[in-house]
Amino acid sequence: MNDELLRYRAEFPILERTTYLISNSLGAMPRGVYDAMKGYADTWGNRGVRAWEERWWMLAAEVGDQISALMNAPKGTVSTHQNVTTCQAVIASCLDFSGKRNKVVYCDMNFPSVMYFWEAQRAQGARVLMVNTDDGITVPLDRLLDAIDEQTLLVPVSHVIFRSSYLQDAKAIIEKAHKVGAYVLLDTFQSLGTVPIDVQALNVDFTCGGVLKWLCGGPGVAYLYVRPDLGNTLEPRLTGWTAHQNPFAFETGPIRYTDPPYRFMNGTLHIPALEACRPGLKIINEIGVERIRQKSMRQTTYLMDLADRKGWRVNTPRDPQKRGGTVSIDMPDSQEVCRELLKREILVDWRPKAGVRMAPHFYNTDEEIDTAVAAIDAILHERTPA
Ligand SMILES: Cc1ncc(COP(=O)(O)O)c(C=O)c1O
């Protein structure tokens with residue numbers, strides 16, 4: 001089969017040494033990161049403090065625009081932060097939980113860090129309502145929609161569920177939320193880069209995620225999209241001098257907010273991480289998410305078929321339209337199997353209530369999937385007493 005995307009393999013050194021099926025956790029590092037980090041050191045080393053004015057201050061906006069291109073967001077609407085939990089905190093700090101409209105609605109399949117954050121907001125008056133999954137794979141859409149009512153302020157939900165790869169119906173959630181006057185904060189960490197997203201078509205209020213998984217951008221950069229009409233009115237209380245109209249005036253007293261994207265940032269920017277993420281974002285932009293999605297649907301189907309033939313339990317939706325790029329597969333002693341795979345240079349991970357998670361990305365071959373499945377089979381046979 002002629003798979004054009006395989007020509008990008010040469011850009012990712014780790015693919016020469018390992019079977020890399022773990023882009024749902026940490027995308028492979030592009031070769032270009034070596035030059036990017038050298039460039040960072042040279043800039044710091046040679047330009048010193050002048051680097052702020054010449055390059056670093058604007059870097060966050062430039063990276064934000066590279067990310068906005070992937071989700072059809074207008075330029076200047078995406079700010080960068082260290083992680084998704086901080087993005088959620090920035091949005092929480094724009095909202096008032098002291099009134100009657102103070103409900104925060106999500107499902108127990110959300111990423112735990114985000115749930116810990118929202119649980120902690122009860123102290124600020126937030127009433128958290130968590131809808132429970134029935135099967136450990138999907139989110140009960142009707143129950144989630146019913147829970148979103150006139151007292152709901154925010155619906156912070158994952159687009160693709162980290163455990164099962166279930167792809168939520170973002171459109172239905174956003175429509176219901178808007179009907180009753182609530183906001184939606186869509187966590188696209190597990191979707192952007194492998195599932196096409198159009199924030200304008202969705203009319204979503206806020207979108208956040210990180211670049212270290214499907215965007216091959218490394219740790220330390222998360223993104224926050226704020227719908228343009230909200231961007232100029234919201235006033236984050238988690239703020240700082242980066243969000244000031246004139247940061248170098250060092251004024252005393254309350255902040256005078258600048259425009260997005262800097263309006264939603266706060267302290268000194270995360271420059272090394274911003275430099276490191278650019279090569280990955282460039283490659284994903286060049287390929288286009290639609291092509292990645294087509295390949296991903298084919299390869300995840302292929303992987304599920306192999307798992308079925310072996311009789312292993314697949315904890316990911318069968319319908320390709322209802323899943324992201326990961327396949328969670330449970331087999332006997334799956335945690336131990338995962339440890340063995342890692343020893344054999346087959347990089348995957350294991351999560352409770354999911355099993356072994358395998359995530360082929362645009363740079364993976366079908367043969368790598370075969371290799372992983374054959375290795376699991378061999379490990380299981382070795383573990384079974386004769
Ligand atoms: C859906 C989702 N949200 C958030 C996170 C991580 O959040 P943070 O960037 O705060 O560490 C992950 C990480 O695996 C995730 O899968």
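Good morning. A polar contact, as I shall use the term, is a pair of N or O atoms within 3.5 Å. With that in hand, let us turn to the structure above, which is a predicted model.

I begin with the ligand and valine 84. Here an oxygen atom of the ligand lies 2.8 Å from a backbone N or O atom of valine 84. Because the cut-off is 3.5 Å, this pair falls within the limit for distance.

Two side chains deserve attention next. Aspartate 187 places a side-chain N or O atom 2.6 Å from a nitrogen atom of the ligand. In the case of lysine 213, a side-chain N or O atom is 2.6 Å from an oxygen atom of the ligand. How much of the ligand does the protein bury? The ligand taken alone exposes 400 Å², and 84% of that is buried by the protein.

Where does the ligand sit? It occupies the largest pocket. The residues surrounding the ligand include Asn83, Thr85, Phe111, Ser158, Phe162, Phe189 and Gln190, together with Val84, Asp187 and Lys213. By character, this shell divides into four nonpolar residues, four polar residues and two charged residues.

I turn now to the cysteines. How many disulfides are counted in this model? The count is zero, since a disulfide requires two cysteine sulfur atoms within 2.5 Å. Cysteine 94 belongs to no disulfide, and the nearest cysteine sulfur, which is that of cysteine 87, is 12 Å away. Cysteine 94 has a relative accessibility of 14% and therefore counts as buried. Cysteine 107 likewise takes part in no disulfide; for this residue the nearest cysteine sulfur belongs to cysteine 208, at 16 Å. Is cysteine 107 buried or exposed? Cysteine 107 is buried, because its relative accessible area is 1%, and the cut-off for burial is under 20%.

Thank you for your attention.

Technical notes
Residues are numbered from 1 along each chain as its sequence is written. This is a predicted model: local features need pLDDT of at least 70, side-chain atom pairs count only at pLDDT 80 or more; totals for chains, interfaces and linings use all residues. Side-chain values use heavy atoms; hydrogens and water are left out. A residue is near a molecule or strand if one of its heavy atoms lies within 4 Å of it. A polar contact is a pair of N or O atoms within 3.5 Å; within protein, one must be able to donate a hydrogen and the other to accept it, and residues adjacent in sequence count only if both atoms are side-chain atoms. Accessible areas come from the Shrake-Rupley method with a 1.4 Å probe; for residues, only the protein chains shown count as cover. On a 1 Å grid over the protein atoms alone, a cavity is a set of points where a 1.4 Å probe fits but cannot get out, and a pocket is an open set with protein on both sides within 12 Å along at least five of seven lines; lining residues have an atom within 4 Å of a point. A molecule sits in a cavity or pocket if more than half of its atoms lie within 2 Å of its grid points. Ala, Val, Leu, Ile, Met, Phe, Trp, Tyr, Cys and Pro count as nonpolar, Asp, Glu, Lys and Arg as charged, and the others, Gly among them, as polar. Buried means under 20% relative accessible area, exposed over 50%, partly exposed in between (1.4 Å probe, protein chains only).
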